[in-house]
Amino acid sequence: MERAMDRAMGGGTAGAPAAAAATATEARRERLWTLTRRRFFERAGAGVGVAALASLLERDLRAAEGRARGRAGSLPGLPGLPHFAPRARRAIVLFQSGAPSQVDLFDHKPRLAELRGKDLPDSVRRGQRLTTMTSRQASFPIAPSLFRFARHGRCGAWVSELLPHTARIADELCFVKSVHTEAINHDPAITFLQTGAQLAGRPSIGAWLSYGLGSEGDDLPAFVVLVSQGSGNPADQPLYDRLWGSGFLPTRHQGVKFRSAGDPVLFLSDPPGIDRGTRRRILDDLSRLNRLKLEDAGDPEISTRIASYELAFRMQASVPELVDVSGEPARVFELYGPDARKPGTFAANCLLARRLAERGVRFIQLFHRGWDQHVRLPRQIAGQCRDTDQACAALIADLKQRGLLEDTLVVWGGEFGRTVYCQGPLTAEDYGRDHHPRCFTAWLAGAGVKAGTTHGETDDFSYNIVRDPVDVHDLHATILRCLGIDHLRLTFKFQGRHHRLTDVHGRVVEEILA
């Protein structure tokens, strides 16, 4: 520690000529001014040992930590985490980008049929804000779903005919019909779901979990992202890499996006003429140079760069094996559906999600675009359900038959819901729905949650919540709880404030926990 403080404050020049010592001291002071206060204290507390931040490099340390946790070779998270015994070791989030219509999928409202075309009462709308897309409509005609609903499973959950495969696993699911959000437009709402804040710049939930819990494996990232394009609305809202970013956390905790064509991860393959032995020697030399710079500058991002190079080297062997699904038996492809053989589809990504879970990836997030149905909803939502229904059910069944569902949490949902009133013309066979932040449905399955249950209730118009509201911060707090984390205690100090995923909000929804 004394040596570390000596280096941090510009010492260690004894015996050198006075002029050279003064120059070196001044240079070090200048470099220190370029560091943030947090980084300075990280360096002062760890000194030369700040390189241990690149835990991917410390194989002996990882092995010792892994043995202590019962899993040799795992990457350690923060000391003291998990805060209590976790029910889930990993999480898979099936994010349906664009906002699926709860009115047409899960939130059955039989009274709406007799109210078709009538104006939504002001007593229901209660002066709530509208988007600019419908705020100038002369009326707000009620549009009941064109799709039939039925009860399924022993739990009797209502599920639309659009989701026959999901209906068959209803007893494995916990439906939360009372989720609500603060945002009414896509980008802030998606950002809110991913980071706990509407403004960009905060760490994503996967980054928080990587930071807190680390990874169980050496050869793959702790946080992996897979993106697919839906057939319902090909011109749907864009997705930005910041949605799986690390924000103010160290950058090694950001999600790694796998591509569906070419190298799964950009620049992972060696260039022509470079064999694996040559690559290893190059990385060793580069690592020594970076460590010298790390000792000199004390910037933790240098350790992140070292760790990234080392992880990429190991991924050159692990990723090709991961994405090569040719060894999967035919029955697996039959389970996930024909799209499972097409790289980049939602079904193929669900299969990869299972393979990632098997290999110790902590947080796996699928983004499926195409759910933004302002017009032609019946046709578009049918396409989205064809993309996702069988694969979602297959993932749950596959995890269960392999014994993985008992320690994997799976979450399905979008960024907000859809209005019961029609956007644009209402016809006998067509309608659209606008954004609706006041209520929407999500479902959870697997470790830590009560299977075969429904939580929360909306009014007869699926417009307002009448029982057991769950806001986004509550959902985040509950996900963290399943993974053994107290959301109040997983914090990171940035710009003088201790931040957390749930900000100053959040309540664990104990009622849905097993």
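## Helix 8 and the residue after it

G196, just after helix 8, has a positive phi of about 85°. The model described here is a predicted one. Helix 8 itself spans residues 186-195, and 8 of its 10 residues are buried, so this helix is largely enclosed by the rest of the structure. The buried residues in helix 8 are H186, A189, I190, T191, F192, L193, Q194 and T195.

Both strands and helices contribute to the cover over these buried residues. The strands include strand 1 (90-96), strand 7 (363-369), strand 9 (417-422) and strand 10 (433-436). The helices include helix 9 (205-213) and helix 15 (472-482).

## Helix 9

Helix 9 is part of the cover of helix 8, and 9 of the 9 residues of helix 9 are themselves buried, so helix 9 is also largely enclosed by the rest of the structure. Its buried residues are I205, G206, A207, W208, L209, S210, Y211, G212 and L213. Just after helix 9 comes G214, with a positive phi of about 70°.

## Helix 10 against helix 11

Two packed helices are described by the angle between their axes and the distance between the axes. For helix 10 (residues 276-297) and helix 11, the axes come within 9 Å and cross at roughly 165°. An angle over 145 degrees counts as roughly antiparallel, and helix 10 and helix 11 are therefore roughly antiparallel to each other. Their crossing is left-handed.

On the helix 10 side, the contact is made by R276, R279, R280, L283, L286, S287, N290, R291, K293, L294 and A297. These meet I302, S303, I306, Y309, E310, F313, R314, Q316 and A317 in helix 11. Sorted by class, the contact of helix 10 with helix 11 has 9 nonpolar, 4 polar and 7 charged residues.

## Helix 11 against helix 13

Helix 11 (residues 300-323) also packs on helix 13 (residues 346-358), at an angle of about 135° and with the axes 10 Å apart. Helix 11 and helix 13 are therefore oblique to each other. The crossing of this pair is right-handed.

In this contact, E321, L322 and V323 of helix 11 meet L352, R355 and L356 of helix 13. By class, there are 4 nonpolar, no polar and 2 charged residues in the contact of helix 11 with helix 13.

## Nonpolar cores

L356, from the contact of helix 11 with helix 13, is also one of the residues with the most contacts inside the largest nonpolar core. That core has 61 residues, and the others with the most contacts inside it are I92, L94, L105, F258 and W443. Helix 14 (residues 377-401) supplies the largest share of this core, 11 residues.

Leaving aside its neighbours within four places in sequence, L356 is in contact with L220, V224, L226, F258, L322, V361 and I364. Another core, of 53 residues, lies apart from the largest one, and L249, F363, L444 and A447 are among its members.

## The chain overall

The protein chain has 15 helices and 17 strands. Of its 514 residues, 55% are buried. Among contacts between residues at least 6 apart in sequence, 77% join residues at least 24 apart.

Conventions. Residues are numbered from 1 along each chain as its sequence is written. This is a predicted model: local features need pLDDT of at least 70, side-chain atom pairs count only at pLDDT 80 or more; totals for chains, interfaces and linings use all residues. Side-chain values use heavy atoms; hydrogens and water are left out. Axes are lines fitted to C-alpha atoms, for helices over the stretch in contact, and angles run from 0 to 180 degrees between N-to-C directions. Helices (H or I, at least four residues) and strands (E, at least two) are DSSP runs, numbered from the N terminus. Angles under 35 degrees count as roughly parallel, over 145 as roughly antiparallel, 65 to 115 as roughly perpendicular and the rest as oblique. A crossing is left-handed if the near helix is turned anticlockwise from the far one by less than a right angle, and right-handed if clockwise. Contact means heavy atoms within 4.5 Å. Ala, Val, Leu, Ile, Met, Phe, Trp, Tyr, Cys and Pro count as nonpolar, Asp, Glu, Lys and Arg as charged, and the others, Gly among them, as polar. Buried means under 20% relative accessible area, exposed over 50%, partly exposed in between (1.4 Å probe, protein chains only). A nonpolar core is a set of buried Ala, Val, Leu, Ile, Met, Phe, Trp, Tyr and Cys residues joined through side-chain atoms within 4.5 Å.
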